[in-house]
Amino acid sequence: MCCPEETTTNAHLITTVQPNDRSIITIRSFSIVISILLACIVGSDQDIYDLPQRFFGDIKDISCQQDTSTSLQRDECDPKDVVLADHRQWRGEVGYWLGELSLYQSDGSPNESADWRKLFLFDITPN
Amino acid sequence: MAVQLEWFDILISSLISQFSSYHSLFDYSAYPYSSYKGFITGNVEGNAYRQRNVFMYPPSTEKDCRKRQSRNQSTIVGQGTCGINGNSLVFSADQNATTCNDNASLEGLYWGFIPTTTRLVGDNALLYQVFYPLPDGSASLIQSQLTTLTTGSLRTRTAQSFNQVGEATSASFYRERKVSKDEFFKELNNTIQSFNILPSDLCYMDGFTKKKYGSSTPGYEQCINHLQQSFEPLL
């Protein structure tokens with residue numbers, strides 16, 4: 001949902017495409033060359049990098065799935081517009097849940113009497 | 001987000017308490033954690049998620065009461081008696097999407113300084129992670145929790161907890177099922193009875209701050225009000 005069409009650049013391609021995806025690099029590089037030529041011929045004032053997205057939208061999607069950490073993508077999205085209910089997991093959270101809960105110690109044994117004071121490195125037991 | 005904050009809360013709040021006043025610390029290790037019950041409500045509205053929990057702990061065994069007494073450890077919190085009365089804690093979690101990334105993941109600071117992330121995994125799981133901020137600007141993973149929804153009404157949560165050098169310190173295993181509102185509150189009542197929790201200890205304590213929760217009188221009504229907050233419209 002957060003993969004804006006306008007943010008893909010050459011640098012983005014280099015950082016996001018994995019080594020085993022050389023075919024994608026080749027196709028996308030080719031598409032950019034085509035788009036530059038089209039932009040020159042048509043005289044469009046659009047960002048030349050928009051054009052390959054229009055022609056090769058499916059490739060854009062693949063690239064987007066590979067990189068979810070690039071700030072270039074996030075900048076185009078407004079967090080206020082996120083609708084959590086659009087996603088199955090978030091919808092699943094809605095409602096009333098009963099839980100049977102257990103806690104286990106680091107050796108795997110049930111924690112009969114939890115002593116959280118030992119869970120951190122420093123001892124917080126009072127003197 | 002299947003925010004399983006309870007155990008993490010206890011850790012962090014214990015640290016905070018250490019630096020403020022130890023005497024404000026309530027020793028919930030007086031209750032068994034091998035098997036206890038959670039009552040959890042959750043809701044999403046726009047980009048916001050809310051979760052309200054009430055956790056109920058059974059009375060300690062007589063053997064454990066004697067053991068703790070012999071070690072000069074506290075045996076009870078509140079008004080009850082060790083070995084006879086259980087107890088409860090309330091927890092709250094509110095998160096908003098603060099960044100716009102791949103697919104409705106949440107990022108934010110818990111308690112103002114503790115980085116947390118919740119990421120969707122595939123189409124049936126969420127990964128919630130909590131980090132401990134380090135002075136050099138990096139962060140150490142202290143909890144990693146996977147929630148898997150296996151059906152529309154069953155989910156399982158397992159959390160791994162770590163110390164600051166990455167050693168595993170504990171693991172939790174929460175088996176949860178979605179029920180109707182009626183069944184939920186019926187089971188809440190049954191648990192209060194079977195754990196013999198006194199009204200004065202019922203939804204009295206905030207699990208994170210370890211201070212009195214809310215301004216109302218503790219008791220069943222306070223539990224209901226707390227749990228229903230998940231469904232109140234956001235302002």
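# Exercises on a predicted two-chain model

From the N terminus onward, chain B runs α-β-β-α-β-β-β-β-β-β-β-α-α. The model is a predicted one. The exercises below move from the two chains to single residues.

## Exercise 1. The two chains

Describe the secondary structure of chains A and B, and state what percentage of each chain is buried.

*Solution.* Begin with chain B, whose secondary structure amounts to 4 helices and 9 strands. Chain A has 6 helices and 1 strand, and its order along the sequence is α-α-α-α-α-α-β. Next, consider burial: 44% of the 235 residues in chain B are buried, and 23% of the 127 residues in chain A. Finally, take the contacts between residues 6 or more apart in sequence. In chain A, 60% of these contacts join residues 24 or more positions apart; in chain B, 53% join residues at least 24 apart.

## Exercise 2. The largest nonpolar core

Determine which residues of the largest nonpolar core touch the most other members, and which elements each supply at least two of its residues.

*Solution.* The largest nonpolar core has 34 residues, and those touching the most other members are B:Val54, B:Phe55 and B:Cys203. Chain A supplies at least two residues of this core from β1 (95–105). In chain B, β1 (36–45), β2 (48–57), β3 (87–96), α3 (181–194) and α4 (220–228) each do likewise. Another core, of 7 residues, lies apart from this one; among its residues are A:Trp90, B:Val44, B:Ala97 and B:Leu106.

## Exercise 3. Strands β2(B) and β3(B)

State in which sense β2(B) and β3(B) pair, and how many residues of β3(B) are buried.

*Solution.* The two strands pair in the antiparallel sense, over 10 bridges. Within this pairing, B:Tyr49 stands opposite B:Gln95 of β3(B). As to burial, β3(B) is mostly covered, with 7 of its 10 residues buried.

## Exercise 4. The buried face of α4(B)

Identify the buried residues of α4(B), explain why they line one face, and name the elements against which they pack.

*Solution.* First, list the buried residues of α4(B): B:Gln222, B:Cys223, B:His226 and B:Leu227. Viewed down the helix axis, the buried residues fall within an arc of 130 degrees, and therefore line one face of the helix. The general principle is that an α-helix has 3.6 residues a turn, so residues three or four places apart point the same way. Last, the buried residues of α4(B) pack against β1, β2, β3 and α3 of chain B.

## Exercise 5. Two residues with positive phi

For B:Asn196 and B:Cys203, give phi and decide whether each is buried or partly exposed.

*Solution.* Both residues belong to the loop between α3 and α4 of chain B. B:Asn196 is not a glycine, yet has a positive phi of about 55 degrees. Phi of B:Cys203, also a residue other than glycine, is positive and near 55 degrees. B:Asn196 is partly exposed because 15 other C-beta atoms lie within 10 Å. B:Cys203 has 26 other C-beta atoms within 10 Å and is therefore buried. Leaving aside residues up to four places away in sequence, B:Cys203 touches B:Val54, B:Ser88, B:Val90, B:Tyr213, B:Pro218, B:Gln222, B:Cys223 and B:His226.

## Exercise 6. B:Thr61

Locate B:Thr61, classify its exposure, and give the separation of its C-alpha atom from that of B:Ile84.

*Solution.* B:Thr61 lies in the loop between β2 and α2 (62–70) of chain B. This residue counts as partly exposed because it has 14 C-beta neighbours inside 10 Å. B:Thr61 and B:Ile84 are 23 residues apart along the chain, and their C-alpha atoms are separated by 8.3 Å.

Conventions
Residues are numbered from 1 along each chain as its sequence is written. Chains are lettered from A and ligands numbered from 1 in the order in which they are written. This is a predicted model: local features need pLDDT of at least 70, side-chain atom pairs count only at pLDDT 80 or more; totals for chains, interfaces and linings use all residues. A nonpolar core is a set of buried Ala, Val, Leu, Ile, Met, Phe, Trp, Tyr and Cys residues joined through C-beta atoms within 7 Å. A residue is buried if 20 or more other C-beta atoms lie within 10 Å of its own, exposed if 12 or fewer, and partly exposed in between; C-beta atoms are placed from the backbone. Two residues are in contact if their C-beta atoms, placed from the backbone, lie within 7 Å. Two strands pair if DSSP finds at least two bridges between them. The arc is that of the directions from the helix axis to the C-beta atoms.
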